[in-house]
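Student: I am new to this structure. Could you take a close look at a single part, the packing of one helix pair, and walk me through it?

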Amino acid sequence: MQRLFFLVLICVSLQAVAQGDQVRSEYPPSSVDMHLQRLSDHVYLVQGEAGVPTDNEGFISNAGVVVTEDGVVVFDALGTPSLANLLLAKIRDITDKPIVRVITSHYHADHIYGLQVFEEQGAEVWAPVGAEKYLRSQNARERLEERRFSLDPWVNDSTRLVEPDRYIAEQENFSLGGVRFTVSPVGAAHSDGDLTLYVEPDRILFSGDIIFEGRVPFMGDANSRDWLEVVERMEDQKLVALVPGHGAAAEDPNRAIATMRRYLSYLRETMSAAVEEFVPFDEAYAAADWSEFEGLPAFAEANRRNAYQVYLSLEAESLPE
């Protein structure tokens, strides 16, 4: 009987080792409600809740999963290793195919702290040119230290910044398991470097934080002029669905893109007029009509900061070179 017990124990241990390259146990468990939403034959989405980056255990951004016959492509890696480990478990519920590649829309904390989980699976990490500026910045180091405090225990001393295997500078196509992908860097828009991922034949676009669906975006250090130009170009595309970096998948992509374009346009038009007339920011902000956007989630948290960032950037744009 004792011998049988040890044989069972050995079998269980070997099984655990065999599964060790799947879902890791050392990450503090996350209690968030995470569901894989199927959008098409190949494409799935996990959707974070609207809120500031430390809400909902850091699960405030989206990630995409594309399952093919030869492997899986993940788009963005969420805001903690624990969240990424939970996403990996969700992926393993639907496929045992290897995680071949993780494509990051941009290097902001809420999209990249889960990268180490997929790197441990042997996935190749792609990122847009410009992400290296963030990785080498003091801001990246300070943000990680802050999140080790504000998102403890899910971000902790073992959480690290992951350098991508490839920086993508130009539009690139690749195929995996009969599914064709188009990776399109769009330059410095929302961050120092952004990209989108288009999945064929599903006709679904992952926009990253170029589009925030159903909520006001966080501008951060974004280049609002370039961002607006990117969104204006996106209005010409014919999409079945658009998956933003935050918020629900847009069943009417043109409406979502148009809303984003109107918001960015209004920010720049309103603050530009103030800068040209030397109107102080507080006075300009109070005089602006925010009624079209004030009902959106995150308006109270983000809008004034966004307007101030655009005001300062427009002041800089107005200076002679």
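**A helix pair up close**

Tutor: Let's begin with the start of the chain: over residues 1-21, pLDDT (the predictor's confidence in each residue, from 0 to 100) stays under 50, and the model has one contact for them beyond four places in sequence, contact being heavy atoms within 4.5 Å. This is a predicted model, where local features need pLDDT of at least 70 and side-chain atom pairs count only at 80 or more, while totals for chains, interfaces and linings use all residues. Residues are numbered from 1 along each chain as its sequence is written, and side-chain values use heavy atoms, leaving out hydrogens and water. The protein averages a pLDDT of 89, with 92% of the residues at 70 or above.

Now to the pair. Helices here are DSSP runs (H or I, at least four residues), numbered from the N terminus. The axes of α7 (residues 224-234) and α8 (residues 253-276) come within 9 Å and cross at roughly 150°; axes are lines fitted to C-alpha atoms over the stretch in contact, with angles from 0 to 180 degrees between N-to-C directions. That makes α7 roughly antiparallel to α8 (an angle over 145 degrees). Touching across the pair are S224, R225, W227, L228, V231, E232 and M234 of α7, with I257, M260, R261, L264, S265 and R268 of α8.

As for α8 itself, its 24 residues should span 34 Å at 1.5 Å a residue, and its end C-alpha atoms are 34 Å apart, which agrees (the expected span is 1.5 Å times one less than the number of residues). After α8 comes F278, with a positive phi near 55°.

Definitions and conventions:
Helices (H or I, at least four residues) and strands (E, at least two) are DSSP runs, numbered from the N terminus. Angles under 35 degrees count as roughly parallel, over 145 as roughly antiparallel, 65 to 115 as roughly perpendicular and the rest as oblique.
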